[in-house]
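User: I should like to go through the model in front of us and ask, for each term applied to it, what justifies that term.

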Amino acid sequence: MKIGIISDTHGCHERFSLAFDKYFKDADMIIHAGDVLYHGPRNPMLSDYNPAKLAEKLNACSMPVVICRGNCDSEVDTLVLDMPIQAPYTYVVAEGLKIVTTHGHYIETDEAKDKMAKALKADIFISGHVHINVLEKRGNTVFLNPGSPSLSKREDNRATVAVLEDKTIKIIDIDTDEVIMTLTL
């Protein structure tokens, strides 16, 4: 099983399309950790900002797309997306792995994430929101933030996504194809 993991696309159709075409087109599932269509009031409007076109691309995906609500996601987004987007977290079981995803704006601290992961018996706990990568194991859970392909807040400004395949998680720079971080489960 291959799972594409992304967060914080903020309406940038071209950045999502680049990630999809390079890493997700043969995935069995895509997990999106929120902030899908709207750029948000604190973020600049980028040149490829086209939430309607991004919604069309997401709706056309042949694989399931599982999305949790981010702080920039709105009820109106449900009018253009064919998949649910308003859940504060998602829970997916894939190849026996329990994968919990929440955007991260309600659960910001490691302590709060650890508590939720433990309560839900998560093997992988995915969040977004901060646009900075995290890939680490604490206790029995792997904590992952795929970063953002659109509005990176990394010091080096790298645009990133993650892929889970063959029990290995990789965080990838979508512009250079460099694997920045990797962790085997």
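User: What makes strand β9 and strand β10 a pair?
Analyst: Two strands pair if DSSP finds at least two bridges between them. Six bridges join β9 (residues 160-165) to β10 (residues 168-173), so the criterion of at least two is met. The two strands run antiparallel; T160 stands opposite D173, and V163 has K170 as its bridge partner. The strands themselves are DSSP runs (E, at least two residues), just as helices are runs of H or I with at least four residues, and both are numbered from the N terminus. The model is predicted: local features need pLDDT of at least 70 and side-chain atom pairs count only at pLDDT 80 or more, whereas totals for chains, interfaces and linings use all residues. Residues are numbered from 1 along each chain as its sequence is written, and side-chain values use heavy atoms, with hydrogens and water left out.

User: What lies between β9 and β10?
Analyst: The two strands form a hairpin with two residues between them. D166, in the turn, has a positive phi of about 55°.

User: Why is β9 called largely enclosed?
Analyst: Buried means under 20% relative accessible area, exposed over 50%, and partly exposed in between (1.4 Å probe, protein chains only). Five of the six residues of β9 are buried, so the strand is largely enclosed by the rest of the structure. β9 also pairs with β1 in the antiparallel sense over four bridges, where K2 has E165 as its bridge partner.

User: Why are β3 and β11 said to stand at the edges of their sheet?
Analyst: The open sheet has six strands in the order β3-β2-β1-β9-β10-β11, with mixed pairing. β3 (65-67) and β11 (179-184) each have a single partner strand, so one side of each is left without a neighbour in the sheet. Neighbouring strands are turned by 20° against each other on average, direction ignored; the axes are lines fitted to C-alpha atoms (for helices, over the stretch in contact), and angles run from 0 to 180 degrees between N-to-C directions.

User: Which strands are at the edges of the five-stranded sheet?
Analyst: That open sheet has the order β4-β5-β6-β8-β7, and its edge strands β4 (89-94) and β7 (134-138) pair on one side only. β4 joins β5 (residues 97-102) in the antiparallel sense over six bridges, with Y89 opposite T102.

User: What makes the space lined by M1, K2 and I3, among others, a cavity?
Analyst: On a 1 Å grid over the protein atoms alone, a cavity is a set of points where a 1.4 Å probe fits but cannot get out, while a pocket is an open set with protein on both sides within 12 Å along at least five of seven lines; lining residues have an atom within 4 Å of a point. The structure holds one cavity of 30 Å³ or more, and the largest has about 60 Å³ of space. Grid points are joined across faces, edges and corners, and the volume is the space filled by probe spheres set on the points. β1 (2-6) and β9 each give two or more residues to its lining.

User: How large is the largest pocket, and which element gives the most to its lining?
Analyst: Its volume is about 160 Å³. α3 gives the most to the lining, with three residues; D114, R138 and F143 are among the lining residues.
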